[in-house]
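Reader: I have a structure open in front of me and I am new to this. Can you show me how to read it, feature by feature?

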Amino acid sequence: MKVPFIKMQGCGNDFIFFDARKLPTFEWAKISGRLLDRRFGIGGDTMLVLLSPKEKGSDGRMLTIERDGN
């Protein structure tokens with residue numbers, strides 16, 4: 001499955017951002033290590049995933065995953 005992403009950087013850190021509000025449920029932590037790998041993946045310090053809101057009146061919720069999957 002192809003999933004669009006944006007790579008951003010700021011203050012010496014770089015991030016991979018996914019807008020997953022319209023994607024099926026997925027276990028992002030399982031693939032974070034491969035995607036954040038600087039030699040064989042996209043490369044980055046942290047993965048940011050925008051998920052669908054759980055409550056009405058909210059635009060969404062943010063999942064942050066470091067290179068070690070936490």
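Author: Let us start with a strand. This is a predicted model. Strand S3 spans residues 46–51 and is mostly covered, with six of its six residues buried.

Reader: How should I think about the two sides of a strand?

Author: In a regular strand, side chains alternate between the two faces of the sheet. Now take S3. Thr46, Leu48 and Leu50 lie on one side, and Met47, Val49 and Leu51 lie on the other. Both faces are covered, and these residues are all buried.

Reader: Which strands pair with S3, and in what sense, parallel or antiparallel?

Author: Take the two partners in turn. Strand S2, residues 13–19, pairs with S3 in the parallel sense, over five bridges. Phenylalanine 15 stands opposite threonine 46 of S3. Strand S4, residues 61–66, is joined to S3 by six bridges, and these two run antiparallel. Here valine 49 stands opposite leucine 63 of S4.

Reader: Where does the nonpolar core draw its residues from?

Author: Look at the list of members before the elements. The largest nonpolar core has ten residues: Ile16, Phe18, Ala20, Trp28, Ile31, Leu36, Met47, Val49, Leu51 and Ile65. S2, H1 and S3 each supply at least two residues of this core. Met47, Val49 and Leu51 also make up one side of S3.

Reader: Now charges. What should I look for?

Author: Side chains of opposite charge can pair when their charged atoms come close. This structure holds six salt bridges. One of them brings together the side chains of aspartate 14 and lysine 7, at 3.6 Å from N to O.

Reader: Is aspartate 14 buried or exposed?

Author: Compare its accessibility with the cut-off. Buried means under 20% relative accessible area. Aspartate 14 has 11%, so it counts as buried. Its partner lysine 7 has 41% and counts as partly exposed.

Reader: Which other side chain meets aspartate 14 in a salt bridge?

Author: Arginine 38 does, at 3.0 Å from N to O. Arginine 38 sits in the loop between H1 and S3, while aspartate 14 is in strand S2, so the pair ties together parts that are 24 residues apart in sequence. Arginine 38 is partly exposed, with a relative accessible area of 45%.

Reader: Which aspartate meets arginine 38 in a further salt bridge?

Author: Aspartate 45. The side chains of aspartate 45 and arginine 38 meet at 2.8 Å, N to O. Aspartate 45 is at 18% relative accessibility, so it counts as buried. Step back now and follow the shared partners. Salt bridges join Lys7, Asp14, Arg38, Asp45 and Arg67 into one network.

Reader: Where is aspartate 45, and what is it in contact with?

Author: Aspartate 45 lies in the loop between H1 and S3. Set aside its neighbours within four places in sequence. Aspartate 45 is then in contact with Gly12, Asn13, Asp14, Leu36, Arg38, Glu66 and Arg67. Its side chain also makes a polar contact with the side chain of arginine 38, at 2.8 Å.

Reader: One last point. How does the chain get from S2 to S3?

Author: Recall that S2 and S3 pair in the parallel sense. The chain leaves S2, passes through helix H1, residues 28–36, and reaches S3. This β-α-β crossover is right-handed.

Conventions. Residues are numbered from 1 along each chain as its sequence is written. This is a predicted model: local features need pLDDT of at least 70, side-chain atom pairs count only at pLDDT 80 or more; totals for chains, interfaces and linings use all residues. Side-chain values use heavy atoms; hydrogens and water are left out. Buried means under 20% relative accessible area, exposed over 50%, partly exposed in between (1.4 Å probe, protein chains only). Helices (H or I, at least four residues) and strands (E, at least two) are DSSP runs, numbered from the N terminus. Two strands pair if DSSP finds at least two bridges between them. A crossover is right-handed if, with the strands pointing away from the viewer, the path from the first strand over the helix to the second runs clockwise. A salt bridge is a side-chain nitrogen of Lys or Arg within 4 Å of a carboxyl oxygen of Asp or Glu. A polar contact is a pair of N or O atoms within 3.5 Å; within protein, one must be able to donate a hydrogen and the other to accept it, and residues adjacent in sequence count only if both atoms are side-chain atoms. Contact means heavy atoms within 4.5 Å. A nonpolar core is a set of buried Ala, Val, Leu, Ile, Met, Phe, Trp, Tyr and Cys residues joined through side-chain atoms within 4.5 Å.
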